[in-house]
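Biologist: Got a minute to walk me through this fold? I'd like to go through the sheet, one of its helices and the core.

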Amino acid sequence: MAIRLGDTAPDFEAASTAGTIKFHEYLGDSWGVLFSHPKDFTPVCTTELGTVAKLKPEFDKRNVKVLGLSVDSVEDHNKWAGDIEETQGAALNYPLLADPDRTVATLYDMIHPNANDTLTVRSVFVIGPDKKVKLTLTYPASTGRNFDELLRVIDSLQLTADHQVATPANWTDGDDVIVVPGLSDEQATAKFPKGFKTVKPYLRVTPQPNK
Ligand code: BEZ
């Protein structure tokens, strides 16, 4: 069954390049990103895994634990890791889950048979510390994901979890944000000491509250 926003992320136990992972226990109080790859030794995936390895400090800064998944074995993953380091200039520094029997891929609906009946699509799940799914993305095998965009969305998710704001189109950390429509003007005045600008009664803008 498809996983929807607000669902509890299914728990699982799986082998990985960093040993056996019990998913919920591994995440602990952190945020999590689970992202799947169609197959080991494939070109787009190789660039993606290297890109995420380089961005690991950015995920760490945000208290996010990253896990990749590819349906091949840990043995294959470990061989592929050498190629990733050689070609991308970054060693795998986060677990890559093995899923040869497609247990996790099935739990997370990562196989879309009308696209390909054996390979996983490029899924991304962002999971909050409450283990609820906060974001899902699905890309086809032929398109590598933009992991800077993923960090941008995590910034928005973490900001909007803590403050009664939403983020506008193309927002990046530090830009002005939107006061949620559920707050009255009086409540917004009390909540946002830097003030807010009313562009329309339903569109009120305030400086990012945690800056
Ligand atoms: C890739 O990662 O390069 C890839 C995987 C499956 C199909 C097409 C591309």
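What follows is a short back-and-forth about the strands, a helix and the packing.

Modeller: Sure, and keep in mind that this is a predicted model. Where do you want to start?

Biologist: With the sheet: which strands are at its edges?

Modeller: It's an open sheet of 5 strands with mixed pairing, in the order β5-β4-β3-β6-β7. An edge strand pairs on one side only, and the ones that do so here are β5 and β7.

Biologist: Take those edges in turn. How many bridges join β4 to β5?

Modeller: These two strands run parallel. One of the pairs to look for is S70 with its bridge partner in β5, A98. The number of bridges joining β4 to β5 is 3.

Biologist: And at the other edge, do β6 and β7 run parallel or antiparallel?

Modeller: You can find S123 bridged to T138 in β7. The hairpin has 5 residues between the strands, and K131 takes a positive phi near 70° there. There are 6 bridges joining β6 to β7 (residues 133-139), and the direction is antiparallel.

Biologist: Now the helix, α2. At which residue does α2 bend?

Modeller: End to end you'd hardly guess, as α2 (residues 43-61) reaches 28 Å from first C-alpha to last, close to the 27 Å expected. Still, there is a bend of about 55°, with a proline, P57, following within four residues. The bend is at L55.

Biologist: Which strands of the sheet does α2 touch?

Modeller: α2 packs on the sheet, and its direction makes about 170° with that of β3. Its buried residues include L49, V52, L55 and F59. Beyond the sheet, those buried residues also pack against α3 (74-88) and α5 (147-162). The strands α2 touches are β3, β4, β5 and β6.

Biologist: How many residues does the largest nonpolar core have?

Modeller: Residues with the most contacts inside that core include L49 and F59 from the helix we just discussed. The elements giving it two or more residues are β3, α2, β4, α3, β6 and α5. Another core, with L34 and L67 among its 19 residues, lies apart from it. The largest one has 27 residues.

Biologist: Last one: which residues does F59 touch, leaving out those up to four places away in sequence?

Modeller: F59 is one of the buried residues of α2, and those pack against β3, β4 and α5, among others. Leaving out its sequence neighbours, F59 touches V33, V52, V64, V66, L150, L151 and I154.

Terms used
Residues are numbered from 1 along each chain as its sequence is written. This is a predicted model: local features need pLDDT of at least 70, side-chain atom pairs count only at pLDDT 80 or more; totals for chains, interfaces and linings use all residues. Side-chain values use heavy atoms; hydrogens and water are left out. The expected span of a helix is 1.5 Å times one less than its number of residues. The bend at a residue is the angle between axes fitted to the seven residues ending there and the seven starting there. Buried means under 20% relative accessible area, exposed over 50%, partly exposed in between (1.4 Å probe, protein chains only). Contact means heavy atoms within 4.5 Å. Two strands pair if DSSP finds at least two bridges between them. A nonpolar core is a set of buried Ala, Val, Leu, Ile, Met, Phe, Trp, Tyr and Cys residues joined through side-chain atoms within 4.5 Å. Axes are lines fitted to C-alpha atoms, for helices over the stretch in contact, and angles run from 0 to 180 degrees between N-to-C directions.
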